[in-house]
Amino acid sequence: MTSSSLDEIFGCKLYFKCENFQKAGAFKSRGAVNAIFSLPKVQLMSGVATHSSGNHAQALARAAMIRNIKSYIVMPKSSPKVKVKAVEEYGGEITFCDNNLQSREDTLFSILEKTNAIEVHPYNNSLIIAGQATTAKELYEEHKKLDCILAPVGGGGLLSGTALTTRLISPKTTVIGCEPKQADDAYRSFIKRKLIPQTNPKTIADGLRTSLGDINFSIIINNVDYILTASEKSITMAMRMIWERMKIIIEPSSALPIAVLLENKEYFKDKSVGVIISGGNIDLDNFKW
């Protein structure tokens with residue numbers, strides 16, 4: 001999608017890849033389907049399992065349903081209700097955990113031991129990354145000469161896939177990761193050139209509260225040009241702007257590229273910019289501007 005009014009506001013040409021219209025409401029469907037359909041049936045007899053705040057959870061449960069296998073999903077207690085409901089509708093068996101990475105991992109480990117299910121990590125998995133890489137591939141198929149491409153970064157599956165696709169198809173395009181200032185482990189890891197875990201993230205962008213994966217970090221450090229951060233105020237402003245100007249619903253994590261544009265207008269002036277809108281799953285009953 002494009003928006004002439006947003007082009008005017010930002011002083012550049014924007015091309016939006018709208019994964020909020022994707023199956024299960026986010027880009028995560030690409031990686032989940034690729035992972036499950038790349039594995040032989042014999043490996044999937046005991047089902048699949050993962051931990052996720054929502055979008056990967058929905059995507060994996062849906063992919064498992066399509067392939068007629070069991071899915072076990074660990075979700076933080078704070079996960080948006082809309083995402084919990086979607087996992088249930090796709091047949092996923094949910095186990096709730098505390099709102100921290102250690103609890104996620106410990107709960108998942110106990111489920112893997114009990115069920116013998118195969119873990120399909122939300123982002124630190126080569127099959128997942130390959131699936132997410134098709135997002136940028138489709139954008140380049142329509143717009144071959146982008147000066148830069150922006151993608152949000154949490155665990156790093158989308159950004160690492162975007163970077164790999166860009167280096168293969170459009171190597172002159174600048175790849176920029178976009179992250180909340182209040183959950184900036186990827187930014188700090190990128191600057192220090194070593195993996196720094198996420199600690200106590202406090203951001204409205206619930207999908208970006210997780211730590212960067214080591215496989216993802218290795219790809220990002222070698223193929224991404226910049227990681228830029230944005231404030232909570234800018235994230236909220238960007239989200240509203242997309243809702244009001246483009247008449248489409250996006251979730252807070254999806255607003256990061258627009259928030260980065262808001263805070264760095266001069267850099268993007270007169271450029272052709274690819275913007276990946278990562279998803280549109282939001283709990284409208286509890287969301288507060």
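Which residues are linked with Glu138 in a network of salt bridges? I opened the predicted model with this point in mind. I found that the network links Lys17, Glu19, Arg30 and Glu138.

**Entry 1: the salt-bridge network**

I looked first at the pair Lys17 and Glu138, which forms a salt bridge with its closest N and O atoms 3.1 Å apart. Lys17 belongs to strand S1 (residues 13–18) and Glu138 to helix H6 (residues 126–142), so this contact ties together parts that are 121 residues apart in sequence. I then checked the cover of each partner. Lys17 counts as buried because its relative accessibility is 14%, and the cut-off for buried is under 20%. Glu138 is partly exposed, at a relative accessible area of 33%.

I next examined Arg30, which also forms a salt bridge with Glu138; here the closest N and O atoms are 2.8 Å apart. This pair links distant parts of the chain, with Arg30 in helix H2 (residues 28–38) and Glu138 in helix H6, 108 residues apart. I noted that Arg30 has 12% relative accessibility and therefore counts as buried.

**Entry 2: a salt bridge between loops**

I recorded the total for the model, which comes to 14 salt bridges. One of them joins the side chains of Asp98 and Lys77, at 3.0 Å from N to O. Asp98 sits in the loop between strand S4 (93–97) and helix H5 (101–115), and Lys77 in the loop between strand S3 (71–76) and helix H4 (81–89), so the contact ties together parts that are 21 residues apart in sequence. I asked whether Lys77 is buried or exposed. Lys77 counts as exposed, at 56% relative accessibility, whereas Asp98 is partly exposed, at 38%.

**Entry 3: the largest pocket**

I turned to the open spaces. The largest pocket holds about 680 Å³ of space. I counted 27 residues in its lining, and Ser53, Ser78, Ser79, Asp206 and Arg209 lie nearest its centre. By class, this lining comprises 12 polar, 8 nonpolar and 7 charged residues.

**Entry 4: the enclosed cavity**

I searched for cavities of 30 Å³ or more and found 1. The volume of the largest cavity is about 320 Å³. Which residues lie nearest its centre? They are Phe27, Lys28, Gly155, Gly207 and Leu208, out of a lining of 30 residues. I sorted this lining into 15 polar, 9 nonpolar and 6 charged residues. Helices H3 and H7 each supply at least two lining residues, and H7 gives the most, with 3 residues.

**Entry 5: a nonpolar patch on the surface**

I looked up the nonpolar surface patch made by Phe37, Met65 and Ile66, which covers about 290 Å². Met65 is placed in helix H3 (residues 55–66). I noted that Met65 is partly exposed, with a relative accessible area of 42%. Met65 can therefore count towards the patch, since a patch residue needs over 30% relative accessible area.

**Entry 6: Pro171**

I finished with Pro171, in the loop between helix H7 (157–169) and strand S7 (174–180). Pro171 counts as exposed because its relative accessibility is 53%, and the cut-off for exposed is over 50%. How far apart are Pro171 and Asn223 in space, C-alpha to C-alpha? I read a distance of 9.6 Å for this pair, which is 52 residues apart in sequence.

Definitions and conventions. Residues numbered from 1 in each chain as written. Predicted model: local features only at pLDDT ≥ 70, side-chain atom pairs only at ≥ 80, totals over all residues. Heavy atoms only, no water. Patch = residues over 30% accessible without salt bridge, like charges linked within 9 Å, V, L, I, M, F, W, Y side chains within 5 Å. Areas by Shrake-Rupley, 256 points an atom, 1.4 Å probe, with all protein chains shown as cover. Salt bridge = Lys/Arg side-chain N within 4 Å of Asp/Glu carboxyl O. Helix = DSSP H or I, 4+ residues; strand = E, 2+ residues; numbered from the N terminus. Buried < 20%, exposed > 50% of the residue type's maximum accessible area, 1.4 Å probe, protein only. 1 Å grid on protein atoms, 1.4 Å probe; cavity = no way out; pocket = protein on both sides within 12 Å on 5 of 7 lines; lining within 4 Å. Points joined across faces, edges and corners; volume = space filled by probe spheres on them. Nonpolar A, V, L, I, M, F, W, Y, C, P; charged D, E, K, R; others polar.
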